[in-house]
Amino acid sequence: MPVSATNTATAVEDFDALIIGAGMAGLCALYRLRQIGLSVHALETAPDVGGVWYWNRYPGARFDSESYTYCYSFSRDLLDDWNWQERFAAQPEVLAYLNHVADRFDLRRHIDFETPVVSARYRQQDGTWLVETEAGKQIRCRFLVTATGPLAVSRFPEIEGFEDFGGECYHTGRWPHRGVVLAGKRVGIIGTGASGVQVIQTIAADVDRLTVFQRTPTYCIPQRNGPLDEGEREDIRRNYGHIFARCRDSFAGFIHSFDPRSGLEVSEQERQAKFEELWQQPGFAFWFGNFIDLMMDPTVNEYACEFLRGKIMERVRDPETARKLLPDHPFGTKRVPLENGYYEVYNRDNVELVDLRETPIQRITSGGIRTTSADYPLDVIICATGFDAVTGSLAKIDIRGLGDQSLSDKWRQGPKTCLGLQVAGFPNLFTLAGPHNAASLCNAVRCTEQNVDWVADCILYMRNQGYTRVVATAEAEADWTQHVNEVAGMTLLDTMTESWFYSAKQPGQERHVLVYAGGANTFRKRCDEEARRSYPGFEFS
Ligand code: NAP
């Protein structure tokens, strides 16, 4: 199976497998595919490892997963020698962890940094992929594994006048590495998703004035972060097997599992007690530890919404500001931000909330932001406006499969995939955390490890059977795509709530679900079943 060694005559490098991206998924794939004996290499746009944790250095960036669940499980020694400092680690600790992994397992020598990939073409004549980088370097590989990240392509809002602004302007997803001085400045922030919430609660006390430009309020739940002491770390080390098993069996790869009861079968008093108990717990307990029909039954969901709206009203002193912060979409249909003192920020004299639904932004001016009702003078504008999610990083590469078909063209009417891991017409291409894959609505590491293991097992199967080519069948792809859409349709995700879970980037565009809403546990079982039955949805040759 190995492709031949470096071909100097044409200056094309050859590998069995090429990975695009050296973030959390890419490093894992590099480790695992090397472990099964492939010659493997990775190309990374950034100057170093880390992916989103390399780029997202904005103030307050931290895990929303318990640190000890968002780490690789493939090495017991690694688990033993890393000491998480906080229950939810901050970005510098996460990046230090990923650097430690790269060094500990000697992965860097397989990675070309500052090497964006521009194209990848499948060559039918020899069954390999020819990958070209921005600098013109060519690499040939048998297997192409994309680990480009579902949240990697930052999106600035389409607002007129950015070029006129005389101050500083940053996107959370591309925060400058030199750091940014915000203390004493007039700062405006656009966006109140998970990134915006983390920034807002972190900088409010330091800046001169903070103006929050909010388009859609969302439900934030308390993170309840704190340091881990040595005793807790010891406990965690002893229990890693149990922790990972809990995550594996859960809906979204976290330590939280749904209460098997319906929210309708308990009394009002029991329901409120349950909500309160969950609200007091750290992390995503209120989302993924709630009643089993929270994300399916609009009445149960609305009970949870009412509870959370009540908490917002209690915490924000000014009733008018509190009103602006009250969401009206079903809970969990937008990714829920975890917060540490977020709502109390709005009790500060130096913080103002601008509701863009009442007074939209007209333009950016040389001195700040102009809405339909006022001019807000600013020194710094922070855009926490999200990403071209899930498919955006793949669309940046001209990927062409059989018959020179372009992946972007194929997905123009929405992604079509088999298990979110392969695409019909694109042999030997594996899309880690790609569209229709459970990994985007999941604790990323738990789910990408599953993706990587599945890919490695598939390649091992091919090796044992003497195959060199695998491709999803058109039927299997159609079945999975239909299933993904049907499952989303059975949940409240399929409301008209705008979120990156769906492909519509602008109001009015056609929506296609990008994530798998059936649960990471169901997804895993489905993938395992496919392998156990010798991959009936795939064609080998
Ligand atoms: P996001 O969830 O997509 O939120 C973007 C925000 O910007 C929304 O509030 C959106 O408003 C607003 N926005 C976008 N365009 C706008 C415009 N033209 N005018 C006004 N407002 C605009 O992006 P994010 O906060 O960066 O988070 C993305 C994902 O990254 C999260 O959902 C999460 O999965 C991940 N993340 C994870 C962590 C963590 O685990 N620690 C931290 C941060 C982010 P609308 O709601 O009205 O569209």
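Helix α5, residues 194-203, gives the most to the shell around the ligand, with three residues. The structure is a predicted model. In total, 23 residues stand around the ligand. R62, S195, T216, K334 and W500 come nearest. By class, the ligand shell holds 10 nonpolar, eight polar and five charged residues.

Polar atoms of the protein approach the ligand at several points. A polar side-chain atom of S195 lies 2.6 Å from a ligand oxygen atom. S195 is also among the residues that come nearest to the ligand. At A194, the approach is through the backbone: an N or O atom there lies 3.1 Å from an oxygen atom of the ligand. D64 likewise uses a polar backbone atom, which is 3.3 Å from a nitrogen atom of the ligand. On its own, the ligand has 900 Å² of accessible area, and the protein covers 83% of this.

Internal space was examined next. Rolling a probe the size of a water molecule over the atoms shows where empty space is left. The structure holds five cavities of 30 Å³ or more. The largest cavity contains about 60 Å³ of space. Its lining consists of C247, R248, S250, G253, A438, R446, C447, Q450, A520, N521, F523 and R524. Three elements each give two or more residues to this lining: α7 (240-249), α14 (444-465) and α16 (520-532). Of these, α16 gives the most, with four residues. The lining of the largest cavity divides into five nonpolar, four polar and three charged residues. Arginines R248, R446 and R524 are among the lining residues.

The second largest cavity has about 50 Å³ of space. It is lined by L79, W82, N83, W84, R233, I236, R237 and Y240. Helix α6, residues 230-238, gives the most to this lining, with three residues. By class, the lining of the second largest cavity has five nonpolar residues, one polar residue and two charged residues. The tryptophans W82 and W84 are among the residues that line this second cavity.

How values were computed: Residues numbered from 1 in each chain as written. Predicted model: local features only at pLDDT ≥ 70, side-chain atom pairs only at ≥ 80, totals over all residues. Heavy atoms only, no water. Near = heavy atom within 4 Å. Polar contact = N/O pair within 3.5 Å; in protein donor to acceptor, adjacent residues only side chain to side chain. Areas by Shrake-Rupley, 256 points an atom, 1.4 Å probe, with all protein chains shown as cover. Nonpolar A, V, L, I, M, F, W, Y, C, P; charged D, E, K, R; others polar. 1 Å grid on protein atoms, 1.4 Å probe; cavity = no way out; pocket = protein on both sides within 12 Å on 5 of 7 lines; lining within 4 Å. Points joined across faces, edges and corners; volume = space filled by probe spheres on them.
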